[in-house]
Amino acid sequence: MLRAAFREHAAGVAVVTARSAGPDGRLAGFTATSLTSVAAEPPLVSFGAGTGSSSWPVLAEAEYVGVHVLAEHQRELAERFARSGADRFAAPTRWREGPYGVPVLEGVPVWLVCRIVARVPAGDHRVVLAEVAAGESAEGSRPLLYHQGRFTALRD
């Protein structure tokens, strides 16, 4: 029932990235449709992360994450970070090391680097709460959405 209900709910699409805190500095990233603005003071966001995902071991130990809001023309980027088993940071993905060593994707309309303040258990997921520490936002892009089980564009 829950899946069917949320197929009807259009959601914005973001990519979350992280680097492990250990000496190996492993990279991880995944596509998220659960990004939410939580508070303005302090600036907090939240997103859900599956504990069975390949990204979870890195996210579980990371102190900072990158949150990237995608534009409607970035469907391939969303699909790449949603694909299991792929090297998501290999070409053609363009990224750089951002503040606090977090991988920051290039060409996105919004990127935020956030310090994780809580990982709240929620079934087979964790709700991650993070405080915004840095970022950039460009105006004028149209959002990529997820609706009816696929990535789509906003229609006027």
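In which loop is Gln148 placed? Gln148 sits in the loop between β11 (144–147) and β12 (150–153), where helices (H or I, at least four residues) and strands (E, at least two) are DSSP runs numbered from the N terminus. The model is predicted, with local features needing pLDDT of at least 70 and side-chain atom pairs pLDDT 80 or more, while totals for chains, interfaces and linings use all residues. Residues are numbered from 1 along each chain as its sequence is written, and side-chain values use heavy atoms, without hydrogens and water.

Most residues other than glycine have a negative phi, and most peptide bonds are trans. The exceptions below are backbone features in loops.

| Feature | Value | Loop |
|---|---|---|
| Glu41 to Pro42, cis | omega near -10 degrees | Pro42: between β4 (36–39) and β5 |
| Ala91 to Pro92, cis | omega near 15 degrees | Pro92: between α3 (75–82) and β7 (95–97) |
| Tyr100, positive phi | near 60 degrees | between β7 and β8 (103–105) |

Gln148 likewise has a positive phi, about 55 degrees, although it is not a glycine. Gln148 is partly exposed, at 27% relative accessible area, whereas Tyr100 is exposed, at 53%; buried means under 20%, exposed over 50% and partly exposed in between (1.4 Å probe, protein chains only).

The largest nonpolar core (buried Ala, Val, Leu, Ile, Met, Phe, Trp, Tyr and Cys residues joined through side-chain atoms within 4.5 Å) has 18 residues. Elements giving it two or more residues include β2 (14–19), β3 (27–32) and α2 (56–61). A second, separate core of 16 residues includes Val13 and Val113. Phe30 is among the residues with the most contacts inside the largest core. Beyond its neighbours within four places in sequence, Phe30 is in contact (heavy atoms within 4.5 Å) with residues including Val16, Phe47, Leu59 and Phe81.
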